[in-house]
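Reader: Hello! I have this model open on my screen and would like a close look at how its helices pack against each other. Could you walk me through that part, with anything notable in the loops along the way?

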Amino acid sequence: NNQVMPILRDLLEAEDPATLSAVVWEFAQRGLQKKPVSDDDIRAILKLGMHPSDDVRREVGHAMWKFLPRPQELLDEMMRVLLPLGREENLSIQQTANYSIRQIRHW
């Protein structure tokens, strides 16, 4: 974890959408496996919620539920990013974001 996380954090600054999508997916998998993902890491991922790439936005929308539980302040930040994604024209982005929204609201 100590060796991988700095690399993943650096890759969140990549310009290539495919790289960004893969890195968000990797963070989400770590969250799903209950491996440590910091609130700051999640905030960095949330910044990608307005990325021009549909694939990146889809991964952001899908990833958020995998980071639960979180403090209320961060849940509010997640919702501010997810709600617009849940209204996107792209159905797959909309569906993944709305799934995360439902999980966060249930939490």
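Author: Happy to! Let me start with the rule for naming helix directions: an angle between axes under 35 degrees counts as roughly parallel, over 145 as roughly antiparallel, 65 to 115 as roughly perpendicular, and the rest as oblique. Please keep in mind that this is a predicted model.

Take the pair at the start of the chain. The axes of helix H1 (residues 4-11) and H2 cross at roughly 140° and come within 9 Å of each other. H1 and H2 are therefore oblique to each other, and H1 passes H2 in a left-handed crossing. On the H1 side the contact uses Val4, Met5, Leu8, Arg9 and Leu11, and these meet Thr19, Leu20, Val23, Glu26, Phe27 and Arg30 in H2. Sorted by class, the contact of H1 with H2 has seven nonpolar residues, one polar and three charged.

Following the chain onward, the loop between helix H2 (17-32) and helix H3 (39-46) holds Lys34. Most residues other than glycine have a negative phi. Lys34 is not a glycine, yet its phi is positive, at about 65°. Its relative accessible area is 62%, so Lys34 is exposed.

Now to H6, which packs against both H5 and H4. With H5, the axes come within 9 Å and cross at roughly 150°. That makes H5 roughly antiparallel to H6, and the crossing of these two is left-handed. From H5, the residues in contact are Leu75, Met78, Met79, Leu82, Leu83 and Leu85, while H6 brings Ile93, Gln94, Ala97, Ser100, Ile101, Ile104 and Arg105. By class, this contact of H5 with H6 has 10 nonpolar residues, two polar and one charged.

With H4, the axis of H6 makes an angle of roughly 20°, and the two axes come within 7 Å. H4 is therefore roughly parallel to H6, and here too the crossing is left-handed. H4 contributes Asp54, Arg57, Arg58, Gly61 and His62, which touch Ser92, Ile93, Thr96, Ala97 and Ser100 of H6. The contact of H4 with H6 divides into two nonpolar, five polar and three charged residues. Ile93, Ala97 and Ser100 appear in the contact of H6 with H5 and again in its contact with H4.

The loop between H4 and H5 deserves a stop as well. Most peptide bonds are trans. The bond from Leu68 to Pro69, however, is cis, with omega near 0°, and Pro69 is found in this loop between H4 and H5.

That brings us to the aromatic rings, where the count comes to one aromatic pair. The rings of Trp65 and Tyr99 have centres 5.4 Å apart and planes at 80°; planes over 60 degrees apart count as edge-to-face, so this pair is edge-to-face. Trp65 lies in the loop between helix H4 (54-63) and helix H5 (72-85), whereas Tyr99 lies in helix H6 (residues 91-106), so the pair ties together parts that are 34 residues apart in sequence. At 22% relative accessibility, Trp65 counts as partly exposed. Tyr99 is partly exposed too, with a relative accessible area of 33%.

To pull the H6 region together: H5 runs roughly antiparallel to H6, H4 runs roughly parallel to H6, and Trp65 of the loop between H4 and H5 pairs with Tyr99 of H6.

How values were computed:
Residues are numbered from 1 along each chain as its sequence is written. This is a predicted model: local features need pLDDT of at least 70, side-chain atom pairs count only at pLDDT 80 or more; totals for chains, interfaces and linings use all residues. Side-chain values use heavy atoms; hydrogens and water are left out. Rings of Phe, Tyr and Trp (its six-membered ring) pair if their centres lie within 6.5 Å; planes under 30 degrees apart count as stacked, over 60 as edge-to-face and the rest as tilted. Helices (H or I, at least four residues) and strands (E, at least two) are DSSP runs, numbered from the N terminus. Buried means under 20% relative accessible area, exposed over 50%, partly exposed in between (1.4 Å probe, protein chains only). Axes are lines fitted to C-alpha atoms, for helices over the stretch in contact, and angles run from 0 to 180 degrees between N-to-C directions. A crossing is left-handed if the near helix is turned anticlockwise from the far one by less than a right angle, and right-handed if clockwise. Contact means heavy atoms within 4.5 Å. Ala, Val, Leu, Ile, Met, Phe, Trp, Tyr, Cys and Pro count as nonpolar, Asp, Glu, Lys and Arg as charged, and the others, Gly among them, as polar.
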